[in-house]
Amino acid sequence: MTRFQPILLGSDINVYGMARAFHEEYGIVSDAYAYFQLSPTKFSKIVNVHIVDDFNNFVTFRDFMLDLGKRMKAEDPDRVLLLIPCGDVYANLLSQCGDDLRKYFVYNTLDINLSRRLAYKSTFYQICEQYDLPHPKTKTVTADEVKAGEYRNLPFSYPVAMKPANSVEWLNIDFEGRRKAYIFNDPAELETIIKRAYAAGYTSEMVIQDFIPGDDSRMRVLNAYVDQHHRVRMMFLGHPLLEDPSPVAAGNYAAILPDYNEGVFRRIKAFLEDIGYEGVANFDMKYDERDGEYKLFEINLRQGRSSYFVTLNGFNLAKYFVDDLVEDTPFDGNTLFGRGSKLWLEIPKSIFLDYVAEGPDKETGRRMLASGDWGTTLEYSKDMNPLRWAMIRHMFSIYKKSYAKYFTKKGELK
């Protein structure tokens, strides 16, 4: 087998999930580069995190990666450097680099124009219209239209959802009440927050949508691996039962059951292959009982923070990257639609048992917990030491406080 080294971009739970996948499959320690350190990758022996000042700046990023590649290739010319972005910022930076880094690294990326059209929510919905992909009724407003009060003229009734079209820019602003996404029950709530956001310096468009009824259990998350030749090799669907309720992390999945829907698989497969996608595509969608459709919210141009649930269920994401970019293994075009049998948690079991609504899905989860068919991203038996154990326990205690403070049924404000 060709010798290779995983180079991960970021330091969050997504990075740890990928590092764990590489360690489980190949026994290899990953390197990660980021502009700040996050808890999930602390005190780990399976990933070495290197902090680079101003690494989220394009010029800094490109120059550093060129120098890193040059140095690593000089040390070992025959080793393949496998580069994987694990966050929106890094996926965007790599897309801006285009082919600049290919003299040293192998990686998946998209043309910058396609990348921006998919990542920017307002243009993503335009693409959905073009491909007849279901999505919520949407109104997008610019900064000038917000000043003119256009957010008051909605073609659908309350409650409504609201989120920034530009998620990367949203990371760089702060104001009272800032969240990843919102659900508003009346116009006054929306007006307060949208004015605060633009007063705080947000400049891009804001997306306001018809709220699809139902709690977190109506959500679905789809991960697909598309190879360098634009062929979908694998798809795996998850059924979230809980999301993080805290303002800064709202929408992050906390408990996911494996799911299967061939109609969804085939529709998304055709879309990805037609647009010439490559790499991991991560879709968030929600079932709308009013018309029986699964409606797309967004596509993330990289694996999601909960994507270890794919590896947990037997479809190791690291192996797909290696088979494609390192080995370029033959592929007959028959996409694997994955079936799984394990519950993924980012939270302690007690939160799952206390906060998931009673019903068949919770019963399925209970059976998986009782039979040992479950796992978390962070609790890896081959990477546990006293400091890491204490850190995970601390993170779990924060989750417990957060659910006690913020948790409500979807669509309600607390």
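Asparagine 252 is in contact with Lys180, Glu243, Asp244 and Arg305, leaving aside its neighbours within four places in sequence. This is a predicted model. The protein chain averages a pLDDT of 94, and 99% of the residues score at least 70.

**Asparagine 252**
- Asparagine 252 sits in the loop between strand 11 (232-243) and strand 12 (253-259).
- Its relative accessible area is 13%, so asparagine 252 counts as buried.
- Its side chain makes a polar contact of 2.7 Å with the side chain of lysine 180.

**Aspartate 12 and helix 1**
- Aspartate 12 is in the loop between strand 1 (4-9) and helix 1 (13-26).
- Aspartate 12 caps the N-terminal end of helix 1, with a side-chain oxygen 3.2 Å from the backbone nitrogen of asparagine 14.
- Aspartate 12 is buried but has no salt bridge. The nearest side chain of opposite charge is arginine 305, 5.1 Å away. A salt bridge needs the nitrogen within 4 Å of a carboxyl oxygen.
- Not counting residues up to four places away in sequence, aspartate 12 touches Leu38, Pro40, Thr41 and Cys86.
- In helix 1, 11 of the 14 residues are buried, so the rest of the structure largely encloses the helix. Among them are Asn14, Arg20 and His23.
- The end C-alpha atoms of helix 1 are 20 Å apart, which agrees with the 20 Å expected for 14 residues at 1.5 Å a residue.
- Glycine 27, just after helix 1, takes a positive phi of about 65°.

**Salt bridges**
- The structure holds 28 salt bridges.
- Aspartate 76 pairs with arginine 3, with the closest N and O atoms 2.6 Å apart. This pair links distant parts of the chain, 73 residues apart: the loop between helix 2 (58-75) and strand 4 (80-85), and the segment before strand 1. Aspartate 76 is buried at 18% relative accessible area, whereas arginine 3 is partly exposed at 44%.
- Arginine 152 forms a salt bridge with glutamate 191, the closest N and O atoms being 2.6 Å apart. Arginine 152 lies in a loop and glutamate 191 in helix 8 (residues 187-199), so the pair ties together parts 39 residues apart in sequence. Arginine 152 is exposed at 51%; glutamate 191 is partly exposed at 22%.
- Arginine 266 and glutamate 262 meet in a salt bridge of 3.0 Å, N to O. They are 4 residues apart in helix 9 (residues 262-275), so about one helical turn separates them.
- Salt bridges with shared partners join Asp210, Asp288, Arg290, Asp291 and Lys295 into one network.

**Low confidence**
- pLDDT stays under 50 over residues 410-414, for which the model has 20 contacts beyond four places in sequence.
- Where pLDDT is low, predicted coordinates should not be read in detail.

Technical notes
Residues are numbered from 1 along each chain as its sequence is written. This is a predicted model: local features need pLDDT of at least 70, side-chain atom pairs count only at pLDDT 80 or more; totals for chains, interfaces and linings use all residues. Side-chain values use heavy atoms; hydrogens and water are left out. Helices (H or I, at least four residues) and strands (E, at least two) are DSSP runs, numbered from the N terminus. Buried means under 20% relative accessible area, exposed over 50%, partly exposed in between (1.4 Å probe, protein chains only). Lys and Arg count as positive and Asp and Glu as negative; His and the chain ends are not counted. Contact means heavy atoms within 4.5 Å. pLDDT is the predictor's confidence in each residue, from 0 to 100. The expected span of a helix is 1.5 Å times one less than its number of residues. A polar contact is a pair of N or O atoms within 3.5 Å; within protein, one must be able to donate a hydrogen and the other to accept it, and residues adjacent in sequence count only if both atoms are side-chain atoms.
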